[in-house]
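Please open the model in your viewer and keep the sequence panel beside it, since each stop on this tour begins with a selection.

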Amino acid sequence: FFEVGLTFGGAFVDVPGSPTRGNRSRLRLSYRQSVDDDEFSHLQAGFVTEQFLELFYRRTVSLALGADWRAIPFGKQIPFYDLAALGGTEILRGYKRGRFRDRGITYAVGTYKFPVWQLIEGSLFYETGRTYHEIKDLTLADWSASFGGGLREWVPRGVVFELNLAKSDELTRILFAFATTF
């Protein structure tokens with residue numbers, strides 16, 4: 001594939017590595033052209049926004065909302081591996097990577113984070129999401145969910161290491177991540 005795209009983002013937060021107040025948002029638009037077979041060329045659009053609210057002394061609640069969509073102009077197809085997906089290490093962490101796939105996804109993640117020691121913080125999260133084939137199929141029914149908690153070490157520019165335990169109705173997973181960013 002050859003991809004051309006635009007990304008617009010803004011981070012209006014107090015501490016980039018571990019925000020307690022403010023908002024981070026990103027809009028991504030791209031076109032993926034299949035190099036060898038035009039049949040798999042398609043458009044992609046994604047949006048995510050996360051709002052932070054400090055309760056007291058670095059105890060913070062955040063709410064992230066996001067959506068991702070694949071459009072197929074001129075009757076083309078989207079290869080399975082390029083469908084929008086939920087599950088893995090970022091959204092619906094209690095499910096295997098790519099557990100839910102389709103042309104579109106919508107999700108919400110609520111997180112409570114709290115200081116543990118110096119640059120180490122704990123977190124509790126609840127996340128829910130849904131896939132859909134057509135925009136008209138998007139409803140508030142049949143959303144999958146997972147929840148969990150973890151520890152992370154951060155520096156002022158971002159997270160260095162993260163360890164999470166995530167649970168869904170299918171799995172309980174332990175996840176490690178290094179150098180995670182928004």
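Select Arg 130 and Ala 141 in this predicted model, and you will find that the side chain of Arg 130 reaches the backbone oxygen of Ala 141 at 2.8 Å. Add Asp 137 to the selection, because its backbone oxygen is also reached by the side chain of Arg 130, here at 3.3 Å.

Now colour strand E8, residues 120-132, which is the element that holds Arg 130. Is Arg 130 buried or exposed? With a relative accessibility of 13%, Arg 130 counts as buried, because the cut-off for that word is under 20%.

Next, show the residues that Arg 130 touches beyond four places in sequence, which include Leu 86, Gly 104, Ile 105 and Thr 106, as well as Leu 138, Thr 139, Asp 142 and Trp 143. For a distance across the model, select Gly 5, which is 125 residues from Arg 130 along the chain and whose C-alpha atom is separated from that of Arg 130 by 25 Å.

Leu 86 and Ile 105, both touched by Arg 130, also belong to the largest nonpolar core, a group of 11 residues that further includes Val 48, Ala 64, Ala 84, Tyr 107 and Val 109. Two elements, strand E5 (84-86) and strand E7 (104-117), each give two or more residues to this core, and E7 provides its largest share, three residues.

Finally, centre the view on Ala 64, another member of this core, whose contacts beyond four places in sequence are Thr 49, Glu 50, Tyr 107, Ala 108 and Val 109.

How values were computed: Residues are numbered from 1 along each chain as its sequence is written. This is a predicted model: local features need pLDDT of at least 70, side-chain atom pairs count only at pLDDT 80 or more; totals for chains, interfaces and linings use all residues. Side-chain values use heavy atoms; hydrogens and water are left out. A nonpolar core is a set of buried Ala, Val, Leu, Ile, Met, Phe, Trp, Tyr and Cys residues joined through side-chain atoms within 4.5 Å. Buried means under 20% relative accessible area, exposed over 50%, partly exposed in between (1.4 Å probe, protein chains only). Helices (H or I, at least four residues) and strands (E, at least two) are DSSP runs, numbered from the N terminus. Contact means heavy atoms within 4.5 Å. A polar contact is a pair of N or O atoms within 3.5 Å; within protein, one must be able to donate a hydrogen and the other to accept it, and residues adjacent in sequence count only if both atoms are side-chain atoms.
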